Amino acid sequence: MGICWGSPVDNHTPTTTGHLSSVVSQATASTVSNISKNSQFSAASGDEACLHGQILLSPNLREHSLAELRAATKNFRADALLGEGGFGKVYKGWLEEKGHGRKGNPMVIAVKKLKSDSLQGIEEWQSEVGFLGSLSHPNLVKLLGYCWEDHELLLTYEFMQKGSLENHLFGRGSAVTPLEWDTRLKIAIGAAQGLAFLHASDNQVIYRDFKASNILLDGSYTAKLSDFGLAKLGPSESKSHLTTRVMGTHGYAAPEYVTTGHLYVKSDVYGFGVVLIEILTGLRALDENRPTGQENLVDWIKPYLSERRKLKNVMDFRLEGKYPSRSAFQVAQLALQCIEKEQKNRPPMKDVVETLEQIKTNEKPIEPRTRASRLASNCNAHQPLHHNSPIYVKQYGGIHAYQTTPPRLR
Ligand SMILES: Nc1ncnc2c1ncn2[C@@H]1O[C@H](COP(=O)(O)OP(=O)(O)OP(=O)(O)O)[C@@H](O)[C@H]1O
Ligand SMILES: [Mg+2]
């Protein structure tokens, strides 16, 4: 299969703290050796998208004690909770660092705590440590350390100040400020660069769970990919795909993968296309609360992406019309290529990065708005701009009325 962990890692069922270092080092060593065999991750490859990434041959992960992480998170107090996913809860923590930060100036971290004794969770935990511990790139979230004690599995990460792209696109409440067009483009480029880096070696890493909630944002909205629990090393040179149990998230997973279990590097490109459409429309990849026929974003919105005039009707109303329509249309065309049914017809992520960067470079600054247009947009501030759109659903109070997190495929 061209993968992966080798039996020792997969067969480990952790019971004691003593196991930990060896399991972690096996996970990282296995990943490093598999990736670096044919690696083009180094700057020497001359591949623009990969210039800033590297494989860490000796990952410098810190082993935390449970007491240390309890203290850091105020005993996992509810008010330190940042979010919750399939793996478990994520807390904000303050670490009194030995190496980093001075005394009284703790380092802010995120602490992910595995739900329970789930075998699935342990596999994902090992995968996360193996991949994130071995790869370093400005668009991948930094794994700092781990803890495995008293049947508790935890991971620590750099704290991402602005949370997830999902929160910004679909979150509600006064704390959520809508993303401006430039920021959306910056996030798309950053996330594309992260994915291009993973795909850039001969023995590529297939991320397998590309979605808005796994794109985290730092204080200046630099996008970083998180969650490598489902990642796989790509197929060997003689093969085009891996065959795996179908896992990932409904709405983002590529059709060939869902129907056959065949996982291609280009299956990730499909997920990227779906996120591009979410960035354009502010609508979730899958929302069971939308009316029949509109639950799946790709199936519903695809026909609106191919014409500039139609696209206008489905653009996120939170943009208040403040985006260059030419750029938005070009992004929509790119999204359409990424979600091509045939995986072969989807562009490689390296090309996706180049296209997005070109779109950004060619953008003209948005005209300063006149007083009249400002007044008009203030009047519409709480109204979707596309209320005359054929897809506007009156009985649901607008196309953004109901949004729920898409279910996992596992
Ligand atoms: N390093 C981090 N810094 C800041 N917030 C984080 C960090 N990691 C995760 N979070 C927050 O915690 C939330 C939950 O993350 P998690 O990866 O566990 O689940 P998810 O991505 O929402 O779902 P899934 O388990 O399906 O991937 C994220 O959406 C984000 O808001
Ligand atoms: Mg996640």
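**Ligand 1 and the sheet beside Lys113**

Strand β3 contributes 3 residues to the shell around ligand 1, the most of any element. The model described here is predicted. In total, 23 residues surround the ligand. Gly83, Gly85, Gly86, Ala110 and Met160 are the closest of these. Three elements supply two or more residues to the shell: β3, β5 and α5, the last spanning residues 165-170. By class, the shell holds 9 nonpolar, 9 polar and 5 charged residues. Two domains take part. Domain 1 covers residues 9-158 and domain 2 covers residues 165-399. Both give residues to the shell, so ligand 1 lies between them.

The chain as a whole has 410 residues, of which 43% are buried. Its secondary structure comprises 13 helices and 14 strands. Contacts across the sequence were also examined. Among those between residues at least 6 apart in sequence, 68% join residues at least 24 apart.

Strands β3 and β5 both belong to an open sheet of 6 strands. Pairing in this sheet is mixed, and the strand order is β2-β7-β8-β5-β4-β3. Its edges are β2 (62-63) and β3 (81-84), each of which pairs on one side only. Strands in a sheet are joined by backbone hydrogen bonds, in a parallel or an antiparallel sense. Strand β5, residues 107-114, pairs with β8, residues 152-158. This pairing is antiparallel and runs over 5 bridges. Within it, Val111 stands opposite Thr156 of β8.

Strand β5 also carries Lys113. An unreviewed UniProt entry lists Lys113 under "binding site". In the model, 18 other C-beta atoms lie within 10 Å of that of Lys113. A residue counts as buried at 20 or more such atoms and as exposed at 12 or fewer. Lys113 falls in between and is therefore partly exposed. Beyond its neighbours within four places in sequence, Lys113 is in contact with six residues: Phe76, Gly88, Lys89, Tyr91, Glu152 and Leu154. Glu152 and Leu154 lie within the residue range of β8, the antiparallel partner of β5.

Two strands thus link the ligand shell to the sheet. Strand β3 is an edge strand and gives the most residues to the shell. Strand β5 stands between β8 and β4 in the strand order and gives two or more residues to the shell.

Technical notes
Residues are numbered from 1 along each chain as its sequence is written. Chains are lettered from A and ligands numbered from 1 in the order in which they are written. This is a predicted model: local features need pLDDT of at least 70, side-chain atom pairs count only at pLDDT 80 or more; totals for chains, interfaces and linings use all residues. Two strands pair if DSSP finds at least two bridges between them. Helices (H or I, at least four residues) and strands (E, at least two) are DSSP runs, numbered from the N terminus. UniProt positions are given in the numbering used here, feature names are shortened, and annotations may be inferred rather than shown by experiment. Two residues are in contact if their C-beta atoms, placed from the backbone, lie within 7 Å. A residue is near a molecule or strand if its C-beta atom, placed from the backbone, lies within 6 Å of it. Ala, Val, Leu, Ile, Met, Phe, Trp, Tyr, Cys and Pro count as nonpolar, Asp, Glu, Lys and Arg as charged, and the others, Gly among them, as polar. Domain bounds come from an automatic or database domain assignment.
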